[in-house]
Amino acid sequence: MEQQNAIYDARQLGLPRMMVLGVQHLFAMFGATVLVPLLTGLDVSVTLLFAGIGTLMFHFISKWNVPAFLGSSFAFLGGYASVKEMGMAQGLSETLALDYACMGVACAGLLYFVMAGLIKSFGVQKILHFFPPVVTGPIVIAIGLVLSGSAIANCQTNWTLAIISIVTVITSSVWGKGIIKIIPVLLGVVLSYIIAALMGEVDFTPLSEAAWMGFPIAKDRTILAVFEDGNTTLMLSSILAIMPIAFATIMEHIGDMFAISSTVGKDFLSNPGLHRTLSGDGVATAFASLFGAPANTTYGENTGVLNLTKVFDPKVIRIAACLAIILAFCPKFACLVQLMPAATIGGVSLILYGMISAVGVRNLVEENVDLKSSRNVFVAALILVLAIGVKYGANDDIAFGPIHLSGLAIAALVGILLNAILPGKLGMKVKSFKGKEKS
């Protein structure tokens with residue numbers, strides 16, 4: 001059900017305000033999106049380019065209805081590291097080894113279409129029977145909690161800057177009027193960044209050395225380099241090592257769709273349909289990987305912005321996507337944003353990640369999940385403990401042979417299986433987002 005005081009058509013705000021909201025979404029996703037290439041060795045500008053292109057592809061396939069931004073996925077970090085290690089052990093350069101990893105990720109993107117086909121064939125409700133609120137609610141809560149550690153780590157680099165961004169976001173959202181009320185994240189980022197510069201916390205030397213214009217794609221960073229190298233054994237190893245990770249990211253995608261649907265108040269799993277959103281995510285991931293960009297995924301940071309601003313028009317997200325594409329051709333801008341203090345991003349992320357978990361809690365409450373039921377408690381408890389425990393107790397990486405799974409992926413899989421095998425009819429009735437009960 002659509003929410004009161006929410007804005008579903010941003011045109012009523014006017015183009016200038018829509019542009020500012022788009023910039024806010026750009027900043028919300030930027031920190032995490034560029035972190036993946038920084039951790040893996042992939043190119044930042046290419047990452048930014050295909051985050052924008054992937055988002056537009058996703059919107060096209062999902063009939064322009066879903067306000068989701070697609071940024072770099074962290075789920076494949078273990079896969080990139082594993083294949084890079086294999087490749088470099090065989091004498092390949094880091095860049096070429098990463099190209100092999102990208103080939104594996106591109107193949108993983110194809111598995112999204114398998115799941116989309118099953119959903120299309122058997123119907124979304126039969127599939128969602130395995131994803132009741134007692135499963136999806138804790139998964140959404142876990143998404144925010146798992147991400148919170150990175151936010152705290154960033155805040156610890158300079159708590160003064162982090163607190164400035166946090167206070168700015170809260171005061172702008174609670175007491176702000178007009179445009180101030182709907183761009184709290186952007187204001188928090190900008191004010192904290194300016195103060196950091198005045199405090200001498202930012203070294204702008206790299207900015208003067210960066211070019212204004214540049215083409216981000218290079219042949220040696222695409223999978224064309226893989227076919228020129230022609231190591232078929234490493235190709236197969238890369239595919240086998242990375243493809244299975246897609247089953248986990250598919251579970252994460254479903255959780256993200258529940259979070260976005262709950263935030264916006266529309267049932268996107270039925271319209272445009274989970275098969276369309278999965279296909280859009282798969283296309284974006286496969287296409288980005290062909291050109292040396294990380295896998296894409298729907299971003300919780302932008303869901304947090306939606307929840308904060310109550311502006312749910314997908315056109316605002318598409319503005320952010322177009323800006324990302326344009327700015328990918330400007331190395332100087334990419335450098336400027338990369339120079340942003342980690343504490344500034346950390347303060348804003350702390351709020352956004354908390355908003356994601358709050359959506360999961362709201363989902364449990366609104367769906368009247370019976371937590372007096374032992375089977376429901378077991379399902380929710382294991383999801384939360386596994387997600388957080390593996391994240392902080394096992395470096396978010398459990399290996400099953402060549403397959404590396406994150407805590408969130410393991411938690412989702414265990415929660416789904418446990419809910420399916422424990423006796424009882426899910427412990428509740430599953431409701432759609434329009435309030436109509438489903439059997």
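**Close-up 1. Helices α9 and α18 cross with a right-handed sense.** In this predicted model, helix α9 covers residues 184–198 and helix α18 covers residues 342–366. Their axes sit 9 Å apart, and the packing angle is about 160°. Since angles over 145 degrees count as roughly antiparallel, that makes α9 roughly antiparallel to α18. On the α9 side, the contact uses Val185, Gly188, Val189, Ser192 and Tyr193. Thr344, Val348 and Leu352 do the job for α18. Sort the residues of this α9–α18 contact by class and you get five nonpolar, three polar and no charged.

**Close-up 2. Helices α4 and α12 meet at an oblique angle.** Here we have α4 (residues 94–122) and α12 (residues 232–242), with axes that come within 8 Å and cross at roughly 50°. An angle of that kind falls outside the parallel, antiparallel and perpendicular classes, so the pair is called oblique. The crossing of α4 and α12 is right-handed. From α4, the contact draws on Tyr100, Ala101, Met103, Gly104, Val105, Cys107 and Ala108. From α12 come Leu234, Met235, Ser238, Ile239 and Ile242. By class, the α4–α12 contact has ten nonpolar residues, two polar ones and no charged ones.

**Close-up 3. Two cysteines, and a disulfide count of zero.** Cysteine 102 is a buried residue, at 1% relative accessible area. The closest cysteine sulfur to that of cysteine 102 belongs to cysteine 107, and the gap is 11 Å. A disulfide needs the sulfur atoms within 2.5 Å, so this pair is too far apart for a bond. Cysteine 330 is buried as well, with 12% relative accessibility. For the sulfur of cysteine 330, the closest partner is in cysteine 335, at 9.8 Å, and that too is too far for a bond.

**Close-up 4. Glycine 137, tucked into helix α6.** The helix in this view, α6, spans residues 133–155. With 0% relative accessibility, glycine 137 counts as buried. Set aside its neighbours within four places in sequence, and glycine 137 is in contact with Gly360, Asn363 and Leu364. Valine 369 is another residue to look for here: its C-alpha is 9.3 Å from that of glycine 137, although the two are 232 residues apart along the chain.

**Close-up 5. A cis peptide bond leads into proline 272.** The bond in question runs from asparagine 271 to proline 272, and its omega is near 15°. Proline 272 itself lies in helix α14, which spans residues 269–290.

**Close-up 6. Tryptophan 64 has a positive phi.** The value is about 65°, and tryptophan 64 is not a glycine. Look for tryptophan 64 in the loop between α2 (44–61) and β1 (70–72). Tryptophan 64 is partly exposed, at 40% relative accessibility.

**Close-up 7. Lysine 310 also gets a positive phi.** Again we have a residue that is not a glycine, with phi of about 65°. Lysine 310 is placed in the loop between α15 (300–309) and α16 (314–327). With a relative accessible area of 27%, lysine 310 counts as partly exposed.

How values were computed: Residues numbered from 1 in each chain as written. Predicted model: local features only at pLDDT ≥ 70, side-chain atom pairs only at ≥ 80, totals over all residues. Heavy atoms only, no water. Buried < 20%, exposed > 50% of the residue type's maximum accessible area, 1.4 Å probe, protein only. Axes fitted to C-alpha atoms, helices over the stretch in contact; angles between N-to-C directions. Helix = DSSP H or I, 4+ residues; strand = E, 2+ residues; numbered from the N terminus. Parallel < 35°, antiparallel > 145°, perpendicular 65-115°, else oblique. Left-handed = near helix turned anticlockwise from the far one by under 90°. Contact = heavy atoms within 4.5 Å. Nonpolar A, V, L, I, M, F, W, Y, C, P; charged D, E, K, R; others polar.
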